[in-house]
Amino acid sequence: MPTVVLDTNVIAGLLNPDDALHLDALAAVRRWEGRGAVFAVSVITWSELRVGAVRRGADAEKALDGFRAAAIDRVVAVDEATAEGAARLRAGDLTIRMPDALIIAAAREVGADALLTADRKFPGIAPDLVELIHPR
């Protein structure tokens, strides 16, 4: 069964029907669900999402927790191997932000079949892994 890692912007788009990314993120996730995929997020993504939810209040936190329970099969921790992978990515290109490098490295460490993102820099960093989602 395929493993798909979701980037922060994809989940934010899924959770907000008014987000420009919503419909395209939903279509991409449904396409992978049809293949029997399991969905994961890095602990970096989870932390970024939690910051947004905490800032918006209890209802947003509850919605995010519900999404986690219903849709996310795994939160991928950053371990030494992931940190090494991220360091190598960033050492090769210092314009890559460390959180982005950690998300990509985490996806590689779990053997993900795809990393869904709307970040236009990601395909240049990991073209073999990234599925870029474009808002309509």
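Two strands count as paired if DSSP finds at least two bridges between them. In this predicted model, strand E4 (residues 114-117) and E5 clear that bar, pairing in the parallel sense over three bridges. One of the links can be named residue by residue: Thr117 has Leu132, in E5, as its bridge partner.

That pair belongs to something wider. Five strands make up an open sheet, with parallel pairing and the order E3-E2-E1-E4-E5. At the edges stand strand E3 (74-76) and strand E5 (130-132), and each has just a single partner strand, so one side of each is left without a neighbour in the sheet. The sheet isn't flat, either: from one strand to the next, the twist averages 30°.

Next comes a helix that meets the sheet. Helix H6 (residues 98-109) lies across strand E1 (3-6), strand E2 (38-42), E3 and E4. Relative to E4, H6 runs at about 150°.

Then there's the largest pocket, which holds about 170 Å³ of space. Its lining is made up of Ala12, Leu15, Leu49, Gly52, Ala53, Arg56, Ala60, Ala63 and Leu64. Three elements give two or more residues each to this lining: helix H1 (8-15), helix H3 (43-56) and helix H4 (58-71). H3 supplies the largest share, with four residues. As for the chemistry of the lining, seven of its residues are nonpolar, one is polar and one is charged.

Notes:
Residues are numbered from 1 along each chain as its sequence is written. This is a predicted model: local features need pLDDT of at least 70, side-chain atom pairs count only at pLDDT 80 or more; totals for chains, interfaces and linings use all residues. Side-chain values use heavy atoms; hydrogens and water are left out. On a 1 Å grid over the protein atoms alone, a cavity is a set of points where a 1.4 Å probe fits but cannot get out, and a pocket is an open set with protein on both sides within 12 Å along at least five of seven lines; lining residues have an atom within 4 Å of a point. Grid points are joined across faces, edges and corners, and a volume is the space filled by probe spheres set on the points. Ala, Val, Leu, Ile, Met, Phe, Trp, Tyr, Cys and Pro count as nonpolar, Asp, Glu, Lys and Arg as charged, and the others, Gly among them, as polar. Axes are lines fitted to C-alpha atoms, for helices over the stretch in contact, and angles run from 0 to 180 degrees between N-to-C directions. Contact means heavy atoms within 4.5 Å.
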